[in-house]
Every structure is written in structure tokens, then in C-alpha cells.
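User: I have a chain on the bench and a model on the screen. Walk me through the model in questions and answers, please.

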Amino acid sequence: MAATPKFLLRVYVATDVAIKVTLTERPESVNELIKILREKAKPRLDFEFTLHYEDPDFGGQLSCLVDIQELPEKATLKIIRTETDTSSCASSDTDILPFVPISQRQKSWPDIFPVPTFTYEVEHVLEEGNGAFATSGKTLKLTRSQKHNILENMAAVMYNFKPYPSDNDVGMAAEALVRAHPCLKEPGSVSGWYGWKMSLKFKMGDYRGKLSRSGCLEVSVNAGKRSKNNPDKERAEVNFLPNFPKGESQASLEEMRLQIMDEVQKSQQNLRLIESLMQMTFALRRQEIIQENPQVKDFLGKWPALWIESQLCAEFQRITNVNLRNQFYAVLDQHTPGLVALYRQKAAQTGKISEALRDILKIYDLQRTVALRALPVYLREEDPQFFKTWNESDEPGIIDTPVALVTVVTEDTADPVHFSPASMSIVVEDDVVMSDIPNLADAFALLFGLMYALHLNYPKKLIHTFTFIQKILMGLDDGKPLKPCLLSLKNDLLMKE
């Protein structure tokens, strides 16, 4: 006989998202409860947090849970993100993760799409229709206004996750709708929801049009004729071009920007103040970088906090809702053994690519470096302007260099493959934007963060390499199919696991 549940918990993992957790016994400590919740809500809780509970001694107001014995048998808990996150493999003790205000999109596309509640009339009709379908298999015929209400509400929920959902995303939403309300199944469709999928696609376009006309920058930037300064969302950004925070204007945000510049120049920086101001001015930066397309040197001069590694990581998380370092290193370490095995298999063959891989694999103790440095070679990509080497005693040769990772060495050599460099630097538009980076893996991660923070294009000769990092390492799927070489590599890695 199953044990009787002793603890029934309602846990808010986000402002409006709660999960139900049932435990058969009281955890031994608060830390053990946190581990249990991380496992139950994976991957939502991939950050540092504390637990607060509705305290019955204070009329249900929140109290921080510090003693597990204080936890009621039936309780409502709330996840509170801490100011700092030390879980990153390469972050310092002063790294600060962003707190995302309600005005910005906080959620990624869910594994199970949440079907919204419709108007009272529509809910009543659907309830009756579901009952009839269960008994006789009869589907429901909706009126035009009823179908409009369903599509409008579905579009609103979809927009809360993505303003430009992919074909698969829309299909997932349509499938969830029919699964929740079987009476809406289409008799002439193989899947039962294909017609709903097409209707939702058209409704999303109409919904974005309404928002564009109302002044929503995130979608109005794509209205009208496309041009270089009027880009589509291409890299799965969650907060691409947000509006200013409520109550703020360009003038007030400009004052905050000047305050950031003053604070960054101090010898003792107040990182919490910088983080708070950077969060408030996020929309101003995005509008400037997307709509004005400034020179990188000028932009970083106005926003010097982005030179701070923790703030670059925070900016990436504001844009994508993904922890840059945690995600990058976790998935890189997961795939590194498979990548190295594939490199060795290819190196055993003959040809120019195999010879280049053999040169890289001569030194094999730093697996992350091998995995990343050999990746473009394995994908048959070559950009001599991207991987550069210079002696630390010489002046760097970075003229006409759009983007590059520079290996700084102490010895006089022209070999581009160095596994123990003195340091690494990142060059963008002929300027060193970051230096003294300890290794190639850190440099790749930070450069990828800069690609999003500065809205840079991937190097043309390394498109496949950076697409691999985006879609497979970072999990930022833009809905576009993988190129054959990347799909083959992905399948080979899955077979190696």
C-alpha cells in the first residue's frame, strides 16, 4: 500500500506559475527541500534562490524558510531569486544575475502549452461539447464569435512566450488546445488539429499587427519593408526590443545611463547599483543597438558596464532568459567526449581536414579547448581572420578584423593552436573589447554573449560553428531546420551518449 502523503506544497516557480509537490515525509533540511524542488521543476530553477512560505502566524504573509520544522504540512511556497549566483563554472563571487521586471518577458516556450480560460459562454459550450464527444464522438461546431474568442486568447498566451513562435511552437499550441478540448478535433485532419494550427498562425500575425499599430516596438520594428535597420528576430531572443519601463522616459533613462558611467569609473564599484540601473535601462540599450546600429566602440563607450563580465552575462540573460555560463559549460561538458571521439575518428582518415584535426589533437589534456577549437575544422569552415595569435610584447595586428578571438602568447610563434596561452582577447570591429580571458572556452562563451548584447552577425565563414553553439549548446532554437552538416553532427553526438 502506498504511503499516505504528509506534505502538500504549492510552489510558485514564477510570478504566475505554480506547481503542486507532494512529499511523503518532511525533508531533513531546507537545502534538501531545495534539491527536491530543483528536480521537480527542472529546468526552471537553474539559478540560486531562497524559499519563502505563507506563515499562518502572520496572517499568511511571506516569511523566509530557514528551519525546515517551520514548514506547515500544507503550505504555499514562493521562489525568491537571490542577488548573486555562484553556481556558474567560471563566475566570480561578485557576479550578479538580473532581476527581470514584470514588463519584460520572463518565460521561455513551455514543454506543455497552457491552454487559457475563455469567456464564460465559450467555456460552457466547450464543457457541453466535451461531454458529447466523450459519449458519442460528436465534434463541436463553433460560431464565428466563439472561434474568434478562442483564437484571440490563445494568441495572447503565445505572445507572452514568443512574439514570433515557430511552426513547431504553433503546432504544439494547437495540439494542446485539442487535447484539452477534444470536441474541437477536426474529423478531416490526420492530426486532428492542423486547421487550428493554420488559424493560430494567421491570428498571431493579426495580433502582432494590432500591437504594432499600438506602438509596441518589439513587433513594429518588423512592420513595413524589410531593411538592414529593420531586422527580423533570428536568434531566439525572448526580449528582443522591449518598450520603456512604465513611468520612465528616454530622459529619465538617460540620467540613469550617466549614473552608470560614473559608478563604473569608481575604484570601488557598487555592483548591485550597477545591476539595478542596467536592468532599468535595458530597453534604452536595445532600442539604440537595434534601431540606430551604432559602432561597437561608441556603444560600449556609452555603456561601459558591458565590459564587466558579470554584466555581459546578465545582459545575455535579459535578452534570452538563459544563464550564459551555466548553459554553455553544462552542455559543452556533456558533448565534449562525443566531439573529441568524432574528431579522432575523422583524424584517422586522409585529407586536409583530417591533417588539421590531427594537429589539434596532438595535445589532448584540455578537452574543452579541443572541442571548441576543432569544431570549425570538423565542420569544414575556415576563417584565418577569426583565430589570431600575437606575442604579448608586440602590438596586435587587428586592422580589418570584424570579429576575432586572439591568443596572447609569450613565445614567438605563428601557430594558431595554443592550449595554454598567456591569455585570450576578444576583438570586435578592430578594437579589443575584452582581454585577460584565461582560456579559449571562456573566450567563446563571452564572445557569444557579445553577439547578442551588441546585436552582431555571426562571422560569415563560421556560420555553422556559431549556429551549433546557439542551437545545440545554448538551446536557443529559432524554429529553422538545422543544415545537413549540423543535423548529422547532432545525431552523431546523440549516438555517442
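Analyst: One term first: a residue is buried when its relative accessible area is under 20%, exposed when over 50%, and partly exposed in between. Note also that this is a predicted model.

User: What share of the 497 residues is buried?

Analyst: The protein has 18 helices and 9 strands. Its accessible surface comes to about 25500 Å², and carbon and sulfur atoms account for 51% of that. Of the 497 residues, the buried share is 49%.

User: Take contacts between residues at least 6 apart in sequence. What percentage of them join residues at least 24 apart?

Analyst: A contact here means heavy atoms within 4.5 Å. Among the contacts that span at least 6 places, the share joining residues at least 24 apart is 62%.

User: Are Phe448 and Tyr452 buried or exposed, and how is their ring pair classed?

Analyst: Both residues lie in helix H16 (residues 440-453), 4 residues apart, about one turn of the helix. Both are buried. A pair of aromatic rings is described by the distance of the centres and the angle of the planes. The centres of the Phe448 and Tyr452 rings are 5.2 Å apart and the planes meet at 50°, so the pair is tilted.

User: How many aromatic pairs are there, and which residues form one cluster with Phe448 and Tyr452?

Analyst: The protein's count comes to 14 aromatic pairs. One aromatic cluster contains Phe448 and Tyr452. The other members of that cluster are Phe316, Phe386, Phe387, Phe444, Tyr458 and Phe466.

User: Which helix gives the largest share of the largest nonpolar core?

Analyst: In soluble globular proteins, nonpolar side chains tend to be buried together. Here the largest nonpolar core has 87 residues, and those with the most contacts inside it are Phe328, Leu405, Ile426, Phe444, Phe448 and Phe466. The largest share, 12 residues, comes from H16.

User: How many residues are in the second core?

Analyst: This core is separate from the largest one. Its members include Met158, Tyr159, Tyr207 and Cys216. Its count is 29 residues.

User: Which residues is Phe328 in contact with, leaving aside neighbours within four places in sequence?

Analyst: Phe328 is among the residues with the most contacts inside the largest core. Leaving aside neighbours within four places, its contacts are Leu372, Ala441, Phe444, Ala445, Ile469, Leu473 and Met474.

User: Which side chain makes a polar contact with the side chain of Thr465?

Analyst: Thr465 lies in helix H17 (residues 463-473). Its relative accessible area is 2%, so Thr465 is buried. Beyond four places in sequence, Thr465 is in contact with Leu375, Pro376, Leu379 and Glu381. The polar contact of its side chain, at 2.7 Å, is with the side chain of Glu381.

User: How many of the 11 residues of helix H9 are buried?

Analyst: Helix H9 spans residues 282-292 and is largely enclosed by the rest of the structure. Its buried residues are Phe282, Ala283, Leu284, Arg285, Arg286, Gln287, Glu288, Ile289 and Ile290. Of the 11 residues, the buried number is 9.

User: Over which ring does the charged end of Arg285 sit?

Analyst: Arg285 is one of the buried residues of H9. Elsewhere, the charged end of Lys147 sits over the ring of Trp196, 5.4 Å from its centre. For Arg285, the charged end is 4.9 Å from the centre of the ring of Trp303.

User: What phi does Asn293 have, and where is Asn293 placed?

Analyst: Asn293 follows H9. At 46% relative accessibility, Asn293 is partly exposed. Its phi is positive in a residue other than glycine, near 50°. Its place is the loop between H9 and helix H10 (296-302).

User: Which backbone nitrogen does the side chain of Asn270 reach?

Analyst: Asn270 is in the loop between helix H7 (250-264) and helix H8 (271-280). Its relative accessibility is 36%, so Asn270 is partly exposed. At 3.1 Å, its side chain reaches the backbone nitrogen of Leu273.

User: Which helices do the buried residues of H8 pack against?

Analyst: In H8, the buried residues are Leu271, Ile274, Glu275, Leu277, Met278 and Gln279. The helices they pack against are H7, H9 and helix H11 (309-320).

Note on methods
Residues are numbered from 1 along each chain as its sequence is written. This is a predicted model: local features need pLDDT of at least 70, side-chain atom pairs count only at pLDDT 80 or more; totals for chains, interfaces and linings use all residues. Side-chain values use heavy atoms; hydrogens and water are left out. Helices (H or I, at least four residues) and strands (E, at least two) are DSSP runs, numbered from the N terminus. Buried means under 20% relative accessible area, exposed over 50%, partly exposed in between (1.4 Å probe, protein chains only). A polar contact is a pair of N or O atoms within 3.5 Å; within protein, one must be able to donate a hydrogen and the other to accept it, and residues adjacent in sequence count only if both atoms are side-chain atoms. Accessible areas come from the Shrake-Rupley method with a 1.4 Å probe; for residues, only the protein chains shown count as cover. Rings of Phe, Tyr and Trp (its six-membered ring) pair if their centres lie within 6.5 Å; planes under 30 degrees apart count as stacked, over 60 as edge-to-face and the rest as tilted. A charge sits over a ring if NZ of Lys or CZ of Arg is within 6 Å of the ring centre and within 35 degrees of the ring normal. A nonpolar core is a set of buried Ala, Val, Leu, Ile, Met, Phe, Trp, Tyr and Cys residues joined through side-chain atoms within 4.5 Å.
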